[in-house]
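Here is a briefing on one protein chain. It goes through overall build, salt bridges, surface charge and selected residue positions.

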Amino acid sequence: MKNFVPREYYSRFYEQSCINSDTILYESRDGSTISDSPLALFLSLANNKDYTNFQHVWVVMDKLSSLNLINVPESLKSKILFVERNSKEYVDYMLTAKYLITNSTFQSWFSKKKEQVYINTWHGTPLKAMGFDIENQLGNTQNVLRNLLMTDYFLSPNPHTTKIFAGSGYKMRGIYKGEIIESGYPRIDLTKETSSDDAKNLLKELGIELDSNLPVVVYMPTWRGNDTQNPSDSIAQVIAELKYLRKEFLGKYNIILKVHPYLYKKAKNYKELSGVLIDDAMDANLVLAATDILITDFSSVFFDYLVTDKPIIFYAWDQDIYSEDRGMYLDMAELPAPILKTVIEIADYLSDIDQLSQDYLGKYLRAKEKYVPYDDGNVSERIVDYIFKKEKSSQLVVKKIDSEKEKLLFYPGNLDNNGITQSFINLTNALDYQKYDVTVFTNTPKSHFFHNYQKLNKNIRLIFRTGSPNFSEKEQMLHDKINKSGHITSLPEVAFKREAHRLFSGLSFDKAIDFSGYSFYWSKFVAFSDSRVKMIFQHNDLYAEMTKEIDGKFPHKKLTGVFELYHYFDKVISVSKALMTINSHKLSKYIEAEQLDYLPNLIFLGNDFVSEKKEEALFNLNGIYSFINSEIRIFQNPKVNSVFEVKSFSKNEIVKVLSTKKVQDIIFVKILVNDIYLGWVEFSELKFSGNETKKVVKVKKVASIVKKQNFLIYQNIPNFFPGEKDEAVTETKYVTQQYWFVNKVLFTKQGKVAYISNGLGIKGWVRYGALNRFHNLANKPYLALGFLIHNLRNKCLTSSKITFEKPELLVDYLAMT
């Protein structure tokens, strides 16, 4: 029996399924909990007699879980119908529900129908940089932007959030057809309207040990990793610091912990956190209702907590590292509470918090006015009445951010180092952005071509291909046959239109331009996009390209597939009159005379690429050390004249180095001592603890490479000894498109390393944190073969001959057509 494939089933019934106007589907955090703003909207709808006709369908991971309804009042539990995520029933509701509500994104195969209403509540006011604002991580925007642009309603709690999503974060302004509802966060209603006693009783039901006579202090650290499949946070540090605080304030405070969902599965296995770790199923805003003092770091949860008027402490021991890696939207001086760097400073502040917190009252009030101006406990009701009845309140602002500009869609190729790329870069810097709204569609950037993406004009919006295509099994076979042969015998037009609709979020464009013109796979997306005018470029004598032999191979022999798509384009544009004559003669059976056009005086500009910047030698001393001396200077910052404190230690302390900075020839390192953060020390005070192997585990798995960081693949088991260079085979940034067979895992004193191979000759040792998305291959030879075939096929060829000298000619041409 075949495994159920949600995407294939969804595609097969997409056109024939009908919408049920009385069904609302809710999904929070990918179905892991019934929580957040979708929960608040459900409560408002389910409690209102005007909306009794609706069927409320909630997505869960396990229908039988006893925790599914933990956040739902007893009187409303019977109104919920569960569907398990990725089941057939789930896909049926995705196809037929009139209203779809999520606080994040739906999966890459979801493609909103015109009759459906998509409400995205999102999940926090932006504090950390996100989307396009995270440098070197453009691929992060893939499915997020695709989802955002599909929404009919995007809920924004404040003008700051609207600005980030509409502007630099996700660049929705100019093309977004829906409405941004700025009226507060529904989920904050849960904090304002839930009594402290009720919230504390729920904590006790979930196994949290609370003394009812003591205030509740909750530590809520944010997510610090880059990859949700590979959590990098240190549980050991959290345990050690929580233990320190609980000991210091025994009998004075209940001090408990709620970690980010990405970390919870790992954290719950530590017995040291029993009775302290809040179950991930409990809604964070209900936890805030029970909280008397909040300790957090870079989590946006503090914005929600402002409505309580209760004290906040920012514990930012790694602020210097985190700000560099991720970036912040807020000036830290604006924060409505102290920023503390060590758990010892937290203890000092907690000891006199009533008095010390008075110093931040002014900042607290200004933050409330700026970030929670609408949150009066009635947000959910206002939003529900507007969406379902079109009743508008004075506390609800509707913002429409589409523009009248002409909307252009470009496919420029993969932005490899070639002439077409250089020409396109020049073009983006010549376009008039007062007149045009420009979307560039391409593949997820490969790290060694990343500099080309950075040279594109900042006004353009990038959309990346994401997910597998929405084809039925039969349609996929037809597509693959064309892609492989280069000949169109039977074209699945409905499937190609469906796929373009998915990739482009159902948007319409004035002009769609295949600027590359070399690939059937990519040309079809432009050909079947919803665009008034469609153009495709010819940069060379394409018949000659098709028949050209290189090293016994014909890299462009499948260009016939592109030629046979020409009749779906309004214009076929050559880059010179002479080239137009050549192509019109040789490709006459594919092109009509009225389609032909050219842009004159287009000549090769020369290789103007900036060679890839060579990275400086990796200055990484992270690892396990011990102190050489008993008295050590602990610095607040890695500066020569920084404030320091002398502390005494034994030589048996376990010292973890987290980060390194060189200042005036002095190397400073950021350290934990016995898993508690202390500050910076001079590296000369430390002794490397060695890297002996503690355990070896043989495995049969395949994994992907983490794309957002670069690692070395070593020829032999690396020592990681400071100052010594372990011989490397390659860097992971060059091989992220390959799958890696994992045969062995070593547990060493300095961390885990894995022995990997791509099955094609590249093999060696890599840090375990470089791997994610593991698949078990035990007794699955067919699966292993599939991954190996992928590695064999994963190659790409492009042309590198011609670019524009004067890109303004195309600008003029666009204006005329």
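The secondary structure of the protein comes to 26 helices and 34 strands. Helices (H or I, at least four residues) and strands (E, at least two) are DSSP runs, numbered from the N terminus. This is a predicted model, in which local features need pLDDT of at least 70 and side-chain atom pairs count only at pLDDT 80 or more, while totals for chains, interfaces and linings use all residues. Residues are numbered from 1 along each chain as its sequence is written, and side-chain values use heavy atoms, with hydrogens and water left out.

**Overall build**

- The protein has a radius of gyration of 29 Å, which agrees with the value near 28 Å for a compact globule of 817 residues. That radius is taken over C-alpha atoms, and the globule rule is 2.2 Å times the number of residues to the power 0.38.
- Along the principal axes, the C-alpha atoms fill a box of roughly 90 × 70 × 55 Å.
- Of the 817 residues, 56% count as buried. Buried means under 20% relative accessible area, exposed means over 50%, and partly exposed lies in between (1.4 Å probe, protein chains only).

**Salt bridges**

- Side chains of opposite charge can pair when their charged atoms come close.
- The count comes to 32 salt bridges, each a side-chain nitrogen of Lys or Arg within 4 Å of a carboxyl oxygen of Asp or Glu.
- One of them joins Arg-85 and Glu-27, at 3.7 Å from N to O. The pair links distant parts of the chain, 58 residues apart: Arg-85 sits in the loop between β3 (80-84) and α3 (88-96), and Glu-27 in strand β1 (residues 20-27). Glu-27 is buried, because its relative accessible area is 0%.
- Glu-475 pairs with Arg-498, their closest N and O atoms being 2.9 Å apart. This bridge links helix α19 (residues 473-485), which holds Glu-475, to helix α20 (residues 493-503), which holds Arg-498, across 23 residues of chain. Both Glu-475 and Arg-498 are buried.
- Arg-633 and Glu-682 form a salt bridge, with the closest N and O atoms 2.7 Å apart. Arg-633 belongs to strand β22 (residues 631-635) and Glu-682 to strand β26 (residues 676-682), 49 residues apart. Arg-633 is partly exposed at 33% relative accessible area, whereas Glu-682 is buried at 17%.
- Glu-406, Asp-510, Lys-511 and Arg-532 are joined into one network by salt bridges that share partners.

**Surface charge**

- Lys-484, Lys-557, Lys-558 and Arg-793 gather in a patch of positive charge on the surface. Patches are made of residues with over 30% relative accessible area and no salt bridge; like charges are joined within 9 Å, and nonpolar side chains (Val, Leu, Ile, Met, Phe, Trp, Tyr) within 5 Å.
- Arg-793 is in helix α25 (residues 781-793). Arg-793 counts as exposed because its relative accessible area is 68%.

**Chain positions**

- Gly-623 lies in strand β21 (residues 623-627). Its relative accessibility is 12%, so Gly-623 counts as buried.
- The C-alpha atoms of Gly-623 and Gln-750 are separated by 5.5 Å, with the two positions 127 residues apart along the chain.
- Arg-173 is in the loop between α5 (159-166) and β7 (179-182). With a relative accessible area of 46%, Arg-173 is partly exposed.
- Arg-173 and Leu-245 are 72 residues apart along the chain, and their C-alpha atoms are separated by 46 Å.

Technical notes:
Accessible areas come from the Shrake-Rupley method with a 1.4 Å probe; for residues, only the protein chains shown count as cover. Lys and Arg count as positive and Asp and Glu as negative; His and the chain ends are not counted. The place of a charge is taken as NZ of Lys, CZ of Arg, CG of Asp or CD of Glu.
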